Amino acid sequence: MTEAGMQRTASRVFAALLASDDASLTSAELSERLSISPAAVSGAVRYLTQVSMVSRERDPGSRRDRYRLHNQIWYASLTQRDSVLTRWEQALREGVESLGRDTPAGARVAETVAFFEFLQKELLSMLDRWKEHRETLYQGEASERRPEDV
């Protein structure tokens, strides 16, 4: 995750949550498992929350926060990227109009728009195929074994 650009501590917190049985840990548990300060946990969780990879919840009857990975984290993350691509695509289209389609810069930006259009179409198609594939993976299994129910 760090090599892909995520902050080191956030990567470690994400990995710890991913490797935990119920995809959920408290700040104290994260701090102990990773040998990092509560402040480092807080900063990492803040980042992971901002990028919608983790949510914060309360233990029932407690004031203690628990951090949980979102269900189907990769599917949700890529679905969110679709909306980011849409915004980029719109901004790039405006850039083409501003630069002029027949200028070298406008042509470059227009090709970038075409690339994002292609990427978005393929991404949506791939996510649909994943949903179908996922159903075949868990067909006939009890719902308590599915990752989103953890």
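Modeller: A pocket is an open set of points on a 1 Å grid over the protein atoms alone where a 1.4 Å probe fits, with protein on both sides within 12 Å along at least five of seven lines; lining residues have an atom within 4 Å of a point. This is a predicted model, where local features need pLDDT of at least 70 and side-chain atom pairs pLDDT 80 or more, while totals for chains, interfaces and linings use all residues. Residues are numbered from 1 along each chain, and side-chain values use heavy atoms, without hydrogens and water.

Biologist: Which residues line the second largest pocket?

Modeller: The lining consists of M1, A4, G5, M6, Y47, V51, M53, W74, S77, L78 and R81. Helix α4 (residues 73–99; a DSSP run of H or I, at least four residues) gives the most, with 4 residues. The pocket's volume, the space filled by probe spheres set on the points, is about 230 Å³.

Biologist: Is W88 of helix α4 buried or exposed?

Modeller: Buried means under 20% relative accessible area, exposed over 50%, and partly exposed in between (1.4 Å probe, protein chains only). W88 is partly exposed because its relative accessibility is 46%. W88 lies 28 residues from F116 in sequence, yet their C-alpha atoms are 8.1 Å apart. F116 is among the buried residues of α5, which also include V109, V113, L123 and R134.

Biologist: What span should helix α5 have?

Modeller: Expected span is 1.5 Å times one less than the number of residues. Helix α5 has 35 residues (104–138), so 51 Å is expected, and its end C-alpha atoms are 51 Å apart, which agrees.

Notes:
Helices (H or I, at least four residues) and strands (E, at least two) are DSSP runs, numbered from the N terminus.
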